[in-house]
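Work through the exercises below with the sequence and the model open. Try each task before reading its solution.

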Amino acid sequence: MSNSYKLSDYLLDVVKYMGANDIFGVPGDYNLQFLDHITHRQDLKWTGNANELNASYMADGYAREKGFATFVTTFGVGELSAINGLAGSIAEHVPVLEIVGAPTNEVQNNGALVHHTFGDHDFNRFENAHRQLGIKSARLNKDDAVNQINDIAKYIYESKKPAYLILPTNLVEMEVNPSLKDKIADLFIPASHNVEKAFHEIKDAINNSHNPVIIMGHEVDRFNLFEDIKNFSAQNNIPVLDLGLGKGNIDESFANFVGTYNGEISDETINAYVENADTVILVGAKLTDSVTGGFTQQFAENNTIAISYDGASIYGKAVDGDYHFASVMEELSNTTLDLSLPAVKANDSNNSLNPSDAKLTQSFYDQAIANYLNENNTLVAEQGTSFFGLASQKLTKGAKFFGQPLWGSIGYAFPAALGNQIADKNRRVVLSTGEGSLQLTIQEFGLAFREQLHPVMFVIDNTGYTVERVIHGMHESYNDVPGLNYGAMPNAFGASDDQYDFIEASTEKELIDAIEKAKVETDKFVLIQVNMDMQDVPEQLAKTAIVFANQNK
């Protein structure tokens, strides 16, 4: 490779500036030249995956920690393998860029019958599929490639949503002006927004309420609005709750934080805050079935002030004037209302455990995991028994949490957890997943040991897809999964004996002993198999399953 400045170099400089130090993906003949530009750099690391779907999941988990992630696939077969993961990023508002290595513009314009196509001369199919999903896309062309890259980058920066960029092989080595690198920072200068009119509408509406409550969603995390919420709440004594889709957005040890809300199936003490509120201030949230107890939230449009990326409304009517999500929240952060509300009295919870030799239950497991976490842990919960049991637990100071309750793609959590661990190796990821989910993306054990990652991974073995069983087919064979030897997995995927520890726990004491051992084995990948009964499920999952089953009739 020469020392000249190529379009690939510029694209990677933009990616680096946006915060991605690691790039995931799978090599293919249409992206190999571009991969050379990654592997020959000292400031970026190529982290190859077992397949493209895992790469997209891993990038999603990385972006939830770093604020941005990139992965690379090849045209057709590669991008279609990854599209499910990228769809999850659009559903849950995660800023990920997929770069697709594609045939040359000449090949595409001529409709040549090359491999990784349908053999029908149509090279627009896959881009159209992404556009149909609402994913912003661009196919780079010689005359406008730099502007196209800039447009995609600014879109991700401003919207915090994913995007898709097609890089034809003939542009990989295209010369561009080296001075472009000096102008990258200018792409990300925040625009100023005059939101006074919208802000005062929202402020006045809250001032006219008597007993407001704040419920936070996932966009609070994407736009880094943690401190704005805390300041506004603290200055005005307003109780704060979060949803499962957005849990961990705020330090849950915050004095005004009162719990995670899940519609009517939440604990009564949590429900009381919402039931007694005359105004619900909904910030950056989507009210999906899996985080509202199947749409059983105890508020309606006529008593809701909704503030989000897409707009704001007061009791069902859109606010007037210019609007910008982060700017309005910044104004609220510095606002003292005319209300005189009493200090928030958060619920005191006693999470002390007295382990016995009794068989391990889901209830004990959930409390034990919550007690284990510290300020340097990020808890990742697979959709199913793990998410529904752990999302209702209160997090210790500094601990983080995420799952995928809206998109709910089975197998997501394992690669997402590894991506999150790569994003910040100073934090230790704690993953809870089921054995059914794990089997879809188990290949990334190889990456975990190759990259010398040291998460703690709990695999719940309850003989199959328990989350599906409680919805329908408790004893049907389609909810069974093969029984695997998890203790053999590390060696099978290339681990040396000193890289990991495998522990099996079937009783309360065995689980606590395993957790205590994991605390001190910080230099190892700790894999803990926890054995539970097939029909043992978290209470909130049992209630939600009834709602889901009724929705499907």
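The exercises cover a sheet, cores, salt bridges, two single residues and a helix pair.

The model is predicted: local features need pLDDT of at least 70, side-chain atom pairs count only at pLDDT 80 or more, and totals for chains, interfaces and linings use all residues. Residues are numbered from 1 along each chain as its sequence is written, and side-chain values use heavy atoms, with hydrogens and water left out.

**Exercise 1. The sheet**

Task: give the strand order of the six-stranded open sheet and find its edges.

Solution. Start with the elements. Helices (H or I, at least four residues) and strands (E, at least two) are DSSP runs, numbered from the N terminus. Two strands pair if DSSP finds at least two bridges between them.
- The order is S2-S1-S3-S4-S6-S5, with parallel pairing.
- Strands S2 (45–48) and S5 (136–139) are the edges, as each pairs on one side only.
- Neighbouring strands are turned by 25 degrees against each other on average, direction ignored. Axes here are lines fitted to C-alpha atoms, for helices over the stretch in contact, and angles run from 0 to 180 degrees between N-to-C directions.
- Now take one pair: strand S1 (residues 22–25) runs parallel to S2 and is joined to it by four bridges.
- Asp 22 has Lys 45 of S2 as its bridge partner.

**Exercise 2. The cores**

Task: describe the largest nonpolar core and identify the helix that gives the most to it.

Solution. A nonpolar core is a set of buried Ala, Val, Leu, Ile, Met, Phe, Trp, Tyr and Cys residues joined through side-chain atoms within 4.5 Å. Buried means under 20% relative accessible area, exposed over 50%, partly exposed in between (1.4 Å probe, protein chains only).
- The largest core has 50 residues. Among those with the most contacts inside it are Phe 24, Phe 414 and Phe 525.
- Helix H15 (residues 413–423) is the top contributor, with seven residues.
- Eleven of the eleven residues of H15 are buried, so this helix is largely enclosed by the rest of the structure.
- A second, separate core has 37 residues, including Tyr 5, Val 14, Leu 171 and Leu 180.
- Back to Phe 525. Contact means heavy atoms within 4.5 Å. Not counting residues up to four places away in sequence, Phe 525 touches, among others, Phe 414, Phe 445, Met 457 and Asp 501.

**Exercise 3. Salt bridges**

Task: what parts of the chain does each of the pairs Lys 6–Glu 173 and Lys 45–Glu 451 tie together?

Solution. Side chains of opposite charge can pair when their charged atoms come close. The criterion is a side-chain nitrogen of Lys or Arg within 4 Å of a carboxyl oxygen of Asp or Glu. The whole structure holds 21 salt bridges.
- Lys 6 and Glu 173 form a salt bridge, with the closest N and O atoms 3.0 Å apart. Lys 6 lies in the segment before helix H1 (7–17) and Glu 173 in the loop between strand S6 (163–168) and helix H8 (196–207), so the pair ties together parts 167 residues apart in sequence.
- Lys 6 is buried at 10% relative accessible area. Glu 173 is partly exposed at 32%.
- Lys 45 and Glu 451 form a salt bridge at 2.7 Å, N to O. Lys 45 is in strand S2 and Glu 451 in the loop between helix H17 (445–450) and strand S17 (456–461), so parts 406 residues apart in sequence are tied together.
- Lys 45 is partly exposed, at 35%. Glu 451 is buried, at 13%.

**Exercise 4. Two residues**

Task: place Ser 8 and Thr 522, and list their contacts, not counting residues up to four places away in sequence.

Solution.
- Ser 8 lies in helix H1. Ser 8 is buried, with a relative accessible area of 1%.
- Ser 8 touches Phe 34, His 37, Leu 167 and Val 172.
- Thr 522 lies in the loop between H20 and strand S19 (525–531). Its contacts are Arg 428 and His 454.

**Exercise 5. A helix pair**

Task: describe how helices H10 (residues 226–236) and H12 (residues 325–333) pack.

Solution. Two packed helices are described by the angle between their axes and the distance between the axes.
- The axes come within 8 Å and cross at roughly 35 degrees.
- H10 passes H12 in a left-handed crossing. Left-handed means the near helix is turned anticlockwise from the far one by less than a right angle; right-handed means clockwise.
- Residues of H10 including Ile 229 and Phe 232 meet residues of H12 including Met 329 and Leu 332.
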